Amino acid sequence: MQPVVTEIIYKLQTARAKTKLKPGYWVTVEEANLLYSWALEFHPDCIFESGTAFGYSAMWFSLVGCPVFTFDPIPQKKYVWDELGYEQPDNITLVHDRFSSIVTMNKNVPGKRFFFIDGSHTMNGVKEDYLSLKQYAKDGDMVVFHDLDCKGPLVWWKKLQSNASVYETYETAHVIGRLIWRS
Ligand SMILES: C[S@@+](CC[C@H](N)C(=O)[O-])C[C@H]1O[C@@H](n2cnc3c(N)ncnc32)[C@H](O)[C@@H]1O
């Protein structure tokens, strides 16, 4: 039997207390709830994430129900679903490569996309994600940046604002921003 969403959410919310995986590497529970509710409300056809780490935010995104492609050049031995006693969710594809490899994927698939940028936090690393978004995002897509309290993400987020019809930032344990893409 498939586990129900509320059971997974409960386990994800309490995961930090139980897991041996490095907790500093994950979005917080409050941020995960925010990201999940934004993605649910936006109703994307596909979610793309830069920065899988242990798959915590990816597992939240999997609950939205659409395909989730999550990029990270560093594969892990264990992901959060292993720790919580689940199989890897069927709709998650782990791409063991940098987010910039997204530009080799077909851009002309119909539908809305949701991008979550939480990979490298260096100036050059975020620049690479920014340039990939400029090449790959389409009008009407949603782009979310984590850690806007860090210099690298903040500098490139500000540049992205010229490609936005709507943008907002939220203070959480860090700062999260979301925008609707406009070319
Ligand atoms: C802060 S962690 C991601 C946390 C994850 N989003 C979560 O909340 O569960 C950042 C991850 O980005 C990865 N990373 C670094 N450079 C990257 C790149 N160019 N593309 C994708 N991921 C990258 C790192 O290996 C690291 O695992």
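**Group meeting talk: a walk through the model**

Let me begin at one residue, Arg98, which lies in the loop between strand E3, residues 92–95, and strand E4. Please keep in mind throughout that what we are looking at is a predicted model. Is Arg98 buried, exposed or partly exposed? It has 17 C-beta neighbours inside 10 Å, and therefore counts as partly exposed. If we leave aside its neighbours within four places in sequence, Arg98 is in contact with Phe71, Pro73 and Glu128. Of these, Glu128 sits 30 residues away from Arg98 along the chain, and yet the C-alpha atoms of the two are separated by 9.2 Å.

Let me now step back to the whole protein. It has six helices and seven strands, and from the N terminus on these elements run α-α-β-α-β-α-β-β-α-β-α-β-β. The radius of gyration is 15 Å, close to the 16 Å that the globule rule gives for 183 residues, so the protein is as compact as a globular protein of that length. Taken along the principal axes, the C-alpha atoms fill a box of roughly 45 × 35 × 30 Å. Of the 183 residues, 37% count as buried, and among contacts between residues at least 6 apart in sequence, 67% join residues at least 24 apart.

From there I would like to turn to strand E5, residues 142–145. Its residues alternate in direction, with Met142 and Val144 pointing one way and Val143 and Phe145 the other way, and all of them are buried. Which strands does E5 pair with? With strand E4, residues 113–117, it pairs in the parallel sense over four bridges, whereas with strand E7, residues 175–181, it pairs in the antiparallel sense, also over four bridges. Val144 appears in both pairings, since it is the bridge partner of Phe116 on the one hand and has Arg178 in E7 as its bridge partner on the other. In addition, E4, helix H5, which covers residues 123–136, and E5 make a right-handed β-α-β unit.

Next comes helix H2, residues 29–42. At 1.5 Å a residue, its 14 residues should span 20 Å, and the end C-alpha atoms are indeed 20 Å apart, which agrees. The buried residues of H2 are Ala32, Leu35 and Ala39. Seen down the helix axis, these buried residues fall within an arc of 65°, so they line one face of H2, while on the other side Ser37 and Glu41 are exposed. What covers the buried residues of H2 includes helix H1, strand E1, helix H3, and also E4 and E5, the strands we have just discussed.

I will finish with two loop residues that share a backbone feature. As a general point, most residues other than glycine have a negative phi. His43, which follows H2, has a positive phi of about 60° although it is not a glycine, and its place is in the loop between H2 and E1. Ala53, in the loop between E1 and H3, likewise has a positive phi, of about 50°, and is not a glycine either. Which of the two is buried, and which is exposed? His43 is exposed, because 12 other C-beta atoms lie within 10 Å, whereas Ala53 is buried, because 22 other C-beta atoms lie within 10 Å.

Technical notes:
Residues are numbered from 1 along each chain as its sequence is written. This is a predicted model: local features need pLDDT of at least 70, side-chain atom pairs count only at pLDDT 80 or more; totals for chains, interfaces and linings use all residues. A residue is buried if 20 or more other C-beta atoms lie within 10 Å of its own, exposed if 12 or fewer, and partly exposed in between; C-beta atoms are placed from the backbone. Helices (H or I, at least four residues) and strands (E, at least two) are DSSP runs, numbered from the N terminus. Two strands pair if DSSP finds at least two bridges between them. A crossover is right-handed if, with the strands pointing away from the viewer, the path from the first strand over the helix to the second runs clockwise. The expected span of a helix is 1.5 Å times one less than its number of residues. The arc is that of the directions from the helix axis to the C-beta atoms. Two residues are in contact if their C-beta atoms, placed from the backbone, lie within 7 Å. The radius of gyration is taken over C-alpha atoms; the globule rule is 2.2 Å times the number of residues to the power 0.38.
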